[in-house]
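Here is a short tour of one protein chain. Take a look at the sequence and the 3D view, then read on.

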Amino acid sequence: LFHFRVLPPWYQTWWAYLLWTTLATGIILGVIKWRVNIARRKEGIKKMVVDNELKALRAQINPHFIQNTFDMMAHGIHKGDTGESINIIHKVSAYLRQVLYKSEKSTITLEDELEYTEDYLKMQQIVRPGLFEYRFHVGDEVDTFGIRVPSMLLQPIVENCIKHGFRHIRSGGMIEITVRQSGDKLHFQIKDDGAGIVGKGIDPENSKGLQLTYKRLMLMFPGPVQKNLAVDLKDRADGVTGAEYNILMPLAS
């Protein structure tokens, strides 16, 4: 009596199933790795584009700022004596070195940004003595060392306050900078008691400084968080003649 055992085809054996499973797993993992690499490359390209656009936007700000600085410095030198002129040149030169260093960074801490802005205001007080004073109001809830913001974020704003807001006065101006945090949003409010904007031929929507500020924030915060972005300019609503700038931005993660 003979017994025959019919063996299944090789592709139906346990080792064949193991081979198919191993191959399928390898293919799936390969596809996942390929897609991850593509995503990483896209993110790298996107980051490079954003960094380049931020540098281009800062490049538009810097020459404008430096030109205004030297115009005001020349005005101060013209009215001062030799000793004071040399003092101004040394201080402005040191300040510009700081500007060129910080402007190369896409973002800096809020603490550095506020320090930089105050240095800018002090420098402007040197070349325009008596024109204005300034005050900072920073809420206790604001982590100035932990929050990052675009470098030179406030400089175009306070420059507008001085150049446009105080263009018809010789002394007594005031700039107030307030920083508050509410949930996951940061609010900057910059006020001056200068000429204001209504009836002065100033179109807030065409302000180059505001447009650049908004573009920089849009690049820094892509995606759904952009709904928390706002940059605007209007006349003060507290009964004081002057302009009010507001910047609302999400907190960087």
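## Aromatic rings

Let's start with F136, in a model that is predicted. Is F136 buried or partly exposed? With a relative accessibility of 25%, F136 falls in the partly exposed class, because that class runs from 20% up to 50%. Its ring partner is Y134, which has a relative accessible area of 17%. Y134 is therefore buried, since the cut-off for that label is anything under 20%.

How do the rings of Y134 and F136 sit together? Their centres are 5.9 Å apart and their planes meet at 80°, so this pair is called edge-to-face.

There are two aromatic pairs in the structure. Another one brings together F132 and F166, and this pair is stacked: 6.1 Å from centre to centre, with 25° between the planes. What does the pair of F132 and F166 link? It connects distant parts of the chain, 34 residues apart. F132 belongs to strand 2 (residues 132-138), while F166 lies in the loop between helix 4 (155-165) and strand 4 (173-182). Both F132 and F166 are buried.

## A buried lysine

Now hop over to K191, part of strand 5 (residues 185-192). Buried or exposed? K191 has 15% relative accessibility, so it counts as buried.

Which side chain makes a polar contact with the side chain of K191? That would be D238, at 3.3 Å. Leaving out residues up to four places away in sequence, K191 touches M174, I175, E176, R236, D238, A243 and E244. So D238 turns up twice for K191: in the polar contact and in the list of residues K191 touches.

## An unusual backbone angle

Next up is M152, in the loop between strand 3 (148-150) and helix 4. M152 isn't a glycine, yet its phi is positive, at about 60°. How accessible is M152? Its relative accessibility is 2%, so M152 counts as buried.

## A nonpolar patch on the surface

Last stop: the surface. Which residues form a nonpolar patch there? They are Y17, L19, W20 and L23, and together they have about 400 Å² of accessible area.

Let's zoom in on L23, one of the patch residues. You'll find L23 in helix 1 (residues 14-79). With a relative accessible area of 43%, L23 is partly exposed. That value fits its place in the patch, because patch residues need over 30% relative accessible area.

Key
Residues are numbered from 1 along each chain as its sequence is written. This is a predicted model: local features need pLDDT of at least 70, side-chain atom pairs count only at pLDDT 80 or more; totals for chains, interfaces and linings use all residues. Side-chain values use heavy atoms; hydrogens and water are left out. Helices (H or I, at least four residues) and strands (E, at least two) are DSSP runs, numbered from the N terminus. Buried means under 20% relative accessible area, exposed over 50%, partly exposed in between (1.4 Å probe, protein chains only). A polar contact is a pair of N or O atoms within 3.5 Å; within protein, one must be able to donate a hydrogen and the other to accept it, and residues adjacent in sequence count only if both atoms are side-chain atoms. Contact means heavy atoms within 4.5 Å. Rings of Phe, Tyr and Trp (its six-membered ring) pair if their centres lie within 6.5 Å; planes under 30 degrees apart count as stacked, over 60 as edge-to-face and the rest as tilted. Patches are made of residues with over 30% relative accessible area and no salt bridge: like charges are joined within 9 Å, nonpolar side chains (Val, Leu, Ile, Met, Phe, Trp, Tyr) within 5 Å. Accessible areas come from the Shrake-Rupley method with a 1.4 Å probe; for residues, only the protein chains shown count as cover. A salt bridge is a side-chain nitrogen of Lys or Arg within 4 Å of a carboxyl oxygen of Asp or Glu.
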